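This report introduces a structure to a reader who has not met it before. Please look at the sequence and the model first; the account follows.

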Amino acid sequence: MEAAHALSPTVQVVDQLKDLYPVCDYISIHVPANDQTRNMINAEAFTQMKDGVVFLNFARDKLINDEDLLAAIDSGRVGRYVTDFADDAVLNADKEQIIVIPHLGASSAEAEDNCASMAVDQVMDYLENGNITNSVNFPAVSMGPKKGVRLCVMAKADAGAAEKVAAALPGVDMVCASKGDVTVVLAETTGSVDASALSGEGIIRVRVIE
C-alpha cells in the first residue's frame, strides 16, 4: 500500500475491490492462484464492473469463473477478455470478445538477450571456476572466481565426497551442497591435486581446474 502511494500523489488507492471495479475501464489481474484467489473473478465481481470493461488476465486461468465470464461477455458487461492463460472453456467459446495470446509476456527482445547472456555467463563460470548456478539436476554451489587450483567433485549423496576431499586435501577451503541424490564439492588449493585419489564408488566426476 505504501509503495502504491509512492508512485504518484495522483494515484487513487482503495482497500476493497468493490470500490475499484466500478471506476475502471481496464482491469488487469496479477495474483497467484491459491485457495483464497481461485474463482475470485465471478458473477459478483463482474456485476460491480462497468459495462464494456476490458479485462486482462496475465496471471492464472483458475482465478476466473469461466461460466460467469462467458455470461458477462454475452451481457456486454465485459467488452474484451484478454488472456495468455486460456483453458478449454475459453478457447472453445468462439467469441470475438475473447483475445487469447501466447504465454510469452516475458519474451521481449531485451529479455531474450538477457537470458542468453545469463546462460553464457553461468556456463563460463562453471567451465572456468566450477561454480554451478540455476542447474536443474545439480545443487547451486560457488566459491567465487578461482584463485588457485579448483577441485570440483560430483558424487552420489551417500558417497562421502566431502570427507574424501577433506582427507585428500586437509585444511583447504571447501564448500559442499546437495540436491536430491547428488552432492557437489568445491575445494581450492595452491598446491597440486591428485584426482585419482578421489575415485571410487559413487563418484560421478572429478574436475581439476588449474
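In what follows, a residue is called buried when its relative accessible area is under 20%, exposed when it is over 50%, and partly exposed in between (1.4 Å probe, protein chains only). The model is a predicted one: local features need pLDDT of at least 70, side-chain atom pairs count only at pLDDT 80 or more, and totals for chains, interfaces and linings use all residues. Residues are numbered from 1 along each chain as its sequence is written, and side-chain values use heavy atoms, with hydrogens and water left out.

**Salt bridges**

Side chains of opposite charge can pair when their charged atoms come close. With a salt bridge taken as a side-chain nitrogen of Lys or Arg within 4 Å of a carboxyl oxygen of Asp or Glu, the count comes to 8. The table lists three pairs, with the N to O distance of each.

| Lys residue | Acidic partner | N to O distance |
|---|---|---|
| Lys18 | Asp19 | 3.5 Å |
| Lys62 | Asp61 | 3.5 Å |
| Lys50 | Asp25 | 3.0 Å |

The pair of Lys50 and Asp25 links distant parts of the chain, 25 residues apart: Lys50 is in the loop between H3 and strand E2 (53-57), and Asp25 is in the loop between H2 and E1. Helices (H or I, at least four residues) and strands (E, at least two) are DSSP runs, numbered from the N terminus. Asp25 has a relative accessible area of 46% and is therefore partly exposed; Lys50, at 31%, also counts as partly exposed. In the pair of Asp61 and Lys62, Asp61 is buried because its relative accessible area is 16%, whereas Lys62 is partly exposed at 44%.

**The largest pocket**

A pocket is defined on a 1 Å grid over the protein atoms alone, as an open set of points with protein on both sides within 12 Å along at least five of seven lines; a 1.4 Å probe is used, and lining residues have an atom within 4 Å of a point. The largest pocket has a volume of about 170 Å³, a volume being the space filled by probe spheres set on the points, which are joined across faces, edges and corners. Its lining includes Leu17, Tyr21, His30, Met40 and Phe55. Helix H2 (17-20) and strand E1 (26-29) each supply at least two lining residues, and the largest share, 3 residues, comes from E1.

**Cysteines**

A disulfide is a pair of cysteine sulfur atoms within 2.5 Å, and the count here is 0. Cys152 is in no disulfide, as the nearest cysteine sulfur, that of Cys176, is 13 Å away. At that distance the two sulfurs are too far apart for a bond. Cys152 is buried, with 4% relative accessibility, while Cys176 is partly exposed at 42%.

**Further residues**

Two residues other than glycine have a positive phi near 60°: Asn39 and Asn134. Asn39 is in the loop between E1 and helix H3 (43-47) and is partly exposed at 34% relative accessibility. Asn134 belongs to the loop between H6 and strand E5 (149-156) and, at 58%, is exposed.

Leu69, in helix H4 (residues 66-75), is buried, with 0% relative accessibility. From C-alpha to C-alpha, Leu69 and Ala45 are 10.0 Å apart in space, and they are 24 residues apart in sequence.
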